[in-house]
Structures are given as C-alpha cells and as structure tokens.
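Student: Please take a close look at one part of this model, the side chains that carry charge. I should like a connected account of how they pair, where they sit and how far they are covered, with a word on the cysteines at the end.

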Amino acid sequence: MSAISRQQKTKGEGFLLEAERTLEKKTWFASSTEQKYEEAAELYEKAANAFKVGGCHAKAGDAYSKAAAIHRDQLKNLGEASKCLSNAGKFPVSWPQ
C-alpha cells in the first residue's frame, strides 16, 4: 500500500469516527437533530471519498451506504439517498440493518 493510500485510509477512518460521534450527540430541538444527521451523512460521504481515493473500495461502499441510510431514514431525502446508493453500487457493500 502506498503512502497516499495509507494517508487516505487514515483520513477516511477519522471521518468515520467523527460521524459516529456526531450520531451519538444528544439534542434537544428538532432543528438540532436534523443538523446532526446532515453532518453525520456528510462525514460518511467524506469518509467514502477518502476510502475511494485510497483504494479501500469495500470501506467506501459501506460508508456510502451508511450515508444513504441516514438520508433515507432520518432526513427523508430520497434524492441524496439515491445518489449515495448509486455511488455505493460501484463498490462491494453490505446494506446496514
């Protein structure tokens, strides 16, 4: 694995960790909850892009599918969910339950 691939993998794992921490945040207001999910979905997409550049295709697909699940289930944004699923479909992926 090249230095750039390792760097991108590390960057992607950092985005994944940050997304998971964002999802664990407690919120009091509906607008804060929506913002939390938007931030988490964006972080999952950033992670997926970093993994894609680093050649970690399975991890990229999983991150895209997690972003799609948030867009679909929490944000009710089917257009963004579709875009993320389309990107995930380019890589091996297991759909989150």
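Tutor: Glutamate 42 is a suitable place to begin: its relative accessible area is 44%, so this residue is classed as partly exposed. The model is a predicted one, and every value below is computed from it.

Glutamate 42 takes part in a salt bridge with lysine 46, in which the closest N and O atoms are 3.7 Å apart. That pair qualifies because the limit for a salt bridge is a side-chain nitrogen of Lys or Arg within 4 Å of a carboxyl oxygen of Asp or Glu. The two residues are four positions apart in helix H2, and so about one helical turn separates them. Lysine 46 has a relative accessibility of 37% and therefore also counts as partly exposed.

Helix H2 covers residues 30–54 and also supplies the largest share of a negative surface patch, namely three residues. The patch is formed by Glu18, Glu34, Glu38 and Glu39. Glutamate 39 has its place in helix H2. Its relative accessibility is 31%, so glutamate 39 is counted as partly exposed. A residue enters a patch of this kind if its relative accessible area is over 30% and it has no salt bridge. Helix H2 thus brings together two arrangements of charge, because glutamate 42 is paired with lysine 46, whereas glutamate 39 belongs to the patch and patch residues have no salt bridge.

The count of salt bridges in the model comes to four, and two others may be described beside the one in helix H2. In helix H4, which spans 78–88, the side chains of glutamate 80 and lysine 83 meet at 3.3 Å, N to O. These two residues are three positions apart in helix H4, about one turn of the helix. Glutamate 80 is partly exposed because its relative accessibility is 26%, and lysine 83 is likewise partly exposed because its value is 42%.

The other pair is arginine 72 with aspartate 73, whose closest N and O atoms are 2.7 Å apart. Arginine 72 has a relative accessible area of 31% and so is partly exposed. For aspartate 73 the value is 34%, which again means partly exposed.

Between helix H3 (57–73) and helix H4 (78–88) runs a loop that holds lysine 76. This lysine counts as exposed because its relative accessibility is 62%. The backbone at lysine 76 also deserves attention, since its phi is near 55°, a positive value in a residue other than glycine. Most residues other than glycine have a negative phi.

The cysteines remain. By the distance rule the model has zero disulfides. The sulfur of cysteine 56 lies 19 Å from the closest cysteine sulfur, that of cysteine 84, and the two are therefore too far apart for a bond. Seen from the other side, cysteine 84 is in no disulfide, the nearest cysteine sulfur being that of cysteine 56. A disulfide requires the two sulfur atoms to be within 2.5 Å. Cysteine 56 is buried because its relative accessibility is 12%. Cysteine 84 has a relative accessible area of 1% and so is buried as well.

Methods: Residues are numbered from 1 along each chain as its sequence is written. This is a predicted model: local features need pLDDT of at least 70, side-chain atom pairs count only at pLDDT 80 or more; totals for chains, interfaces and linings use all residues. Side-chain values use heavy atoms; hydrogens and water are left out. Patches are made of residues with over 30% relative accessible area and no salt bridge: like charges are joined within 9 Å, nonpolar side chains (Val, Leu, Ile, Met, Phe, Trp, Tyr) within 5 Å. Accessible areas come from the Shrake-Rupley method with a 1.4 Å probe; for residues, only the protein chains shown count as cover. Lys and Arg count as positive and Asp and Glu as negative; His and the chain ends are not counted. The place of a charge is taken as NZ of Lys, CZ of Arg, CG of Asp or CD of Glu. Buried means under 20% relative accessible area, exposed over 50%, partly exposed in between (1.4 Å probe, protein chains only).
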